[in-house]
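Work through these exercises with the model open. Each one sets a task and then solves it step by step.

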Amino acid sequence: VDIGDLPGGLETALGLGVNDTGRIVGWSHGELGWRGFVHDIGGLMFDIGYLPGGRLPWSIAYDVNNDGLVVGRSFDGDNLRSVLWDETNGLRLMGDAPGVLRSDPADVNDLGQVVGAASVGVDTPFIWDAITGMRLIDDDPEWQYEIATAINEHGVVAGGSAVPYVWTETGGFVRIEENLDLSSAGWRLNHIYDINDHGVMVGVGNFEGGPGYGVVLTPVPEL
């Protein structure tokens, strides 16, 4: 089904996230340029706006939770910053941790927790919530240059651009490849893109150095 695009532009749109009610978010070119959009099940698509005073009047929307909270990016001065949008408060800065040069959110759960990557000279994974703000979860230099791509409703974070991992508040970082069972021998994981509430993950991997394939990782009970 074609969801359309913002009016007056290049007649192009890219859907990037959807919630359980069918609300879609993404990026489209309209009369005023590239903007993040929200598309409701009734067929209405609208522009989420952009931060005032930015280098470009530009925004993108990456994901939306079941409460309608949207996460994305927009220019704040010369830097791209994480933003939030909802129907009550509109578009606003999410708020970066001290020392962060730019940030890129990837996912938001129904608890309002946001994960993504923040640049402090190197990319580092972050988690954000409305109470504690942004925290960089790089407690070990080994995990610098990594990103967080997904968070489920239990607060389990998954990601990794070089070393696929899961992270929790209590357990910290765990390398996924070190916890694969014998049926996965020969496989190497390249990236994890999403994790559901049952701990099932999807990503990209290769077998014995071959081409990349989409993979599914399913937790198995310990014996």
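The model is predicted.

**Exercise 1. State whether arginine 23 and aspartate 40 are buried or exposed, then find what links their side chains.**

Step 1. Apply the cut-off: buried means under 20% relative accessible area. Arginine 23 and aspartate 40 are both buried.

Step 2. Look at the contact. The two side chains, arginine 23 and aspartate 40, form a salt bridge, at 2.5 Å from N to O.

Step 3. Place the partners. Arginine 23 sits in the loop between β1 and β2 (24-30), and aspartate 40 sits in the loop between β3 (33-39) and β4 (45-47), so the bridge ties together parts 17 residues apart in sequence.

**Exercise 2. Locate the partners of the salt bridge between glutamate 169 and arginine 135.**

Step 1. Check the distance. Here N to O is 2.5 Å.

Step 2. Assign the elements. Glutamate 169 is in the loop between β15 (165-168) and β16 (172-175); arginine 135 is in strand β12 (residues 133-136). The pair therefore ties together parts that are 34 residues apart in sequence.

Step 3. Classify arginine 135. Its relative accessibility is 29%, so arginine 135 is partly exposed.

**Exercise 3. Classify arginine 175 and glutamate 178 by accessibility, then place their salt bridge in the full count.**

Step 1. Give the distance. The closest N and O atoms of arginine 175 and glutamate 178 are 3.7 Å apart.

Step 2. Use the cut-off: exposed means over 50%. Glutamate 178 has 60% relative accessibility, so it counts as exposed. Arginine 175 has 29%, so it counts as partly exposed.

Step 3. Look for shared partners. Arg23, Asp40 and Glu87 are joined into one network by salt bridges that share partners.

Step 4. Count. The structure holds 11 salt bridges.

**Exercise 4. Describe the largest pocket: its volume, its lining and its central residues.**

Step 1. Read the volume: about 730 Å³.

Step 2. List the lining. It has 26 residues, with Asn179, Leu180, Thr218, Pro219 and Val220 nearest the centre.

Step 3. Find the strands. β17 (187-195) and β19 (212-217) each give at least two residues to this lining.

Step 4. Sort by class. The lining of the largest pocket has 15 nonpolar, eight polar and three charged residues.

**Exercise 5. Do the same for the second largest pocket.**

Step 1. The second largest pocket has a volume of about 450 Å³.

Step 2. It is lined by 25 residues; closest to its centre are Asp63, Asp107, Val108, Glu153 and Asp194.

Step 3. Elements giving two or more lining residues include β1 (13-18), β5 (59-64) and β17.

Step 4. The classes in this lining are 10 nonpolar, eight polar and seven charged.

Key: Residues are numbered from 1 along each chain as its sequence is written. This is a predicted model: local features need pLDDT of at least 70, side-chain atom pairs count only at pLDDT 80 or more; totals for chains, interfaces and linings use all residues. Side-chain values use heavy atoms; hydrogens and water are left out. On a 1 Å grid over the protein atoms alone, a cavity is a set of points where a 1.4 Å probe fits but cannot get out, and a pocket is an open set with protein on both sides within 12 Å along at least five of seven lines; lining residues have an atom within 4 Å of a point. Grid points are joined across faces, edges and corners, and a volume is the space filled by probe spheres set on the points. Helices (H or I, at least four residues) and strands (E, at least two) are DSSP runs, numbered from the N terminus. Ala, Val, Leu, Ile, Met, Phe, Trp, Tyr, Cys and Pro count as nonpolar, Asp, Glu, Lys and Arg as charged, and the others, Gly among them, as polar. A salt bridge is a side-chain nitrogen of Lys or Arg within 4 Å of a carboxyl oxygen of Asp or Glu. Buried means under 20% relative accessible area, exposed over 50%, partly exposed in between (1.4 Å probe, protein chains only).
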